[in-house]
Amino acid sequence: MTAALHRVARVRWYLLIGIVLLVAVNGFPFYWMALTSVKPGTELFSFPPTFFTTAPDFGGFQRLFETTNFLTYAKNSLIIATGATAVSVAVSALAAYGLTRFPFPGSRAFSTAILYAYTFAPIVIVVPLYGMFREAGLINNYLGMILAYASFGVPFSLWLLQPFFRAIPAELEEAAFVDGANRVKSAWYVVLPQAAPGLIAVSVFTFLLAWEDYLFARVLITQEHLKTLPIALHDLYNASLQDWPLLMAAAVLINVPVLIAFLFVQRYLVAGWGAGAIK
């Protein structure tokens, strides 16, 4: 018994060491990014490198706001990511509700086929997408970007939401019908609140997809005032004469909303992915 307890304790220590190493390896680039954004010029390229600074310099953040259109790029990213999230969640929720409440022969195969669309690499579809959007006049505007990201987020969101809708008992809706609710009201007041964890998970997924994407924004946007943050950061790298504090300040500000959003909804995200994996 004692030997077994020692073995379990040893395994736990190994797991703890592995977790610490994993967090350190993945977290160090973000720490170095944040540190570089506030390092004074004399410490940027010192050797050996310094892993702390006692004299933080926020000049990079100041130059970022004074010499670039960072707030405009942030506004563009926020509008596009929010719009794509709203469209993707609305479409995938309606589709998931329909497929789970009104199944038809081949509905599961249909759902699987939609998920396969998500497996295509973005680089494969961006060229034909550019051709279609150019013909439709959707290049260089918010609507085109929103539709592009929504079209890429709907397949995965639909696959993720179906287990949540399928797990909601039909008796709950039938009780709402008895109380006089129609189909729309029962779906709005009964089904959607029950599927809230799944809706939150797909919302975060689609928002991060649009917020961090580079490829679609690079191809579908060419005008300066419509650039999103990833495009702006790339252009700053090429045009700022290696102003590393400014670049790292921009990277920090781009990642902060992502970090806050993930910390806030991580339990919903994990629950959503788990549900989608086992149903």
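Here are five short exercises with worked solutions on this predicted model.

**Exercise 1: the two sides of a helix**

Task: Work out which residues of α9 are buried, and how they are arranged around the helix axis.

Solution:
- Begin with the helix itself. Helix α9 covers residues 183–194, twelve residues in total. From its first C-alpha to its last it reaches 16 Å, close to the 16 Å expected at 1.5 Å a residue.
- Next, pick out the buried positions: Ser186, Ala187, Val190 and Val191. Looking down the axis of α9, these buried residues fall within an arc of 120°, so they line one face of the helix.
- The spacing is worth a thought: an α-helix has 3.6 residues a turn, so residues three or four places apart point the same way.
- Now turn to the face directed away from the buried side, where you will find the exposed residues Val184, Trp188 and Tyr189.
- Finally, ask what provides the cover. The buried residues of α9 are covered by elements including α4 (70–101), α7 and α8 (170–178).

**Exercise 2: a glutamine in α7**

Task: Decide whether Gln162 is buried or exposed, and find what it touches.

Solution:
- Locate the residue first: Gln162 belongs to helix α7, residues 142–167.
- Then compare its accessibility with the cut-off. Buried means under 20% relative accessible area. Gln162 has 7% relative accessibility and therefore counts as buried.
- Last, list its contacts. Setting aside residues up to four places away in sequence, Gln162 touches Ala96, Leu99, Thr100 and Ser111.

**Exercise 3: salt bridges across the chain**

Task: Find which parts of the chain are linked by the Asp243–Arg63 pair and by the Arg101–Glu173 pair.

Solution:
- For context, the structure holds six salt bridges.
- In one of them, the side chains of Asp243 and Arg63 meet at 2.9 Å, N to O. This pair links distant parts of the chain, 180 residues apart: Asp243 sits in the loop between α12 (229–239) and α13 (244–278), and Arg63 in helix α3 (residues 59–67).
- Check the surroundings of each partner. Asp243 is buried, at 18% relative accessible area, while Arg63 is partly exposed, at 31%.
- Move on to Arg101 and Glu173, whose side chains form a salt bridge at 2.5 Å, N to O. Here the link runs from helix α4 (Arg101) to helix α8 (Glu173), 72 residues apart. Both Arg101 and Glu173 are buried.

**Exercise 4: a shared network**

Task: Start from Glu224 and its salt bridge with Lys227, and find which residues are joined into one network.

Solution:
- The closest N and O atoms of Glu224 and Lys227 are 2.7 Å apart.
- Glu224 is partly exposed, with a relative accessible area of 38%, whereas Lys227 counts as buried at 14%.
- Follow the shared partners: salt bridges join Arg218, Glu224, Lys227 and Asp235 into one network.

**Exercise 5: inside and outside**

Task: Describe the setting of Leu64 and that of Tyr14.

Solution:
- Leu64 is in helix α3 and counts as buried, with 0% relative accessibility.
- Beyond its neighbours within four places in sequence, Leu64 is in contact with Phe70, Leu236, Leu246, Ala249, Ala250 and Leu253.
- Tyr14 is in helix α1 (residues 2–38) and counts as exposed, with 54% relative accessibility.
- Tyr14 also belongs to a nonpolar surface patch with Trp13, Leu16, Ile17, Val20 and Leu21. Together the patch residues have about 670 Å² of accessible area.
- For a sense of distance, Arg12 and Leu64 are 52 residues apart in sequence and 45 Å apart in space, C-alpha to C-alpha.

Definitions and conventions:
Residues numbered from 1 in each chain as written. Predicted model: local features only at pLDDT ≥ 70, side-chain atom pairs only at ≥ 80, totals over all residues. Heavy atoms only, no water. Patch = residues over 30% accessible without salt bridge, like charges linked within 9 Å, V, L, I, M, F, W, Y side chains within 5 Å. Areas by Shrake-Rupley, 256 points an atom, 1.4 Å probe, with all protein chains shown as cover. Salt bridge = Lys/Arg side-chain N within 4 Å of Asp/Glu carboxyl O. Helix = DSSP H or I, 4+ residues; strand = E, 2+ residues; numbered from the N terminus. Buried < 20%, exposed > 50% of the residue type's maximum accessible area, 1.4 Å probe, protein only. Contact = heavy atoms within 4.5 Å. Expected span 1.5 Å × (residues − 1). Arc of directions from axis to C-beta.
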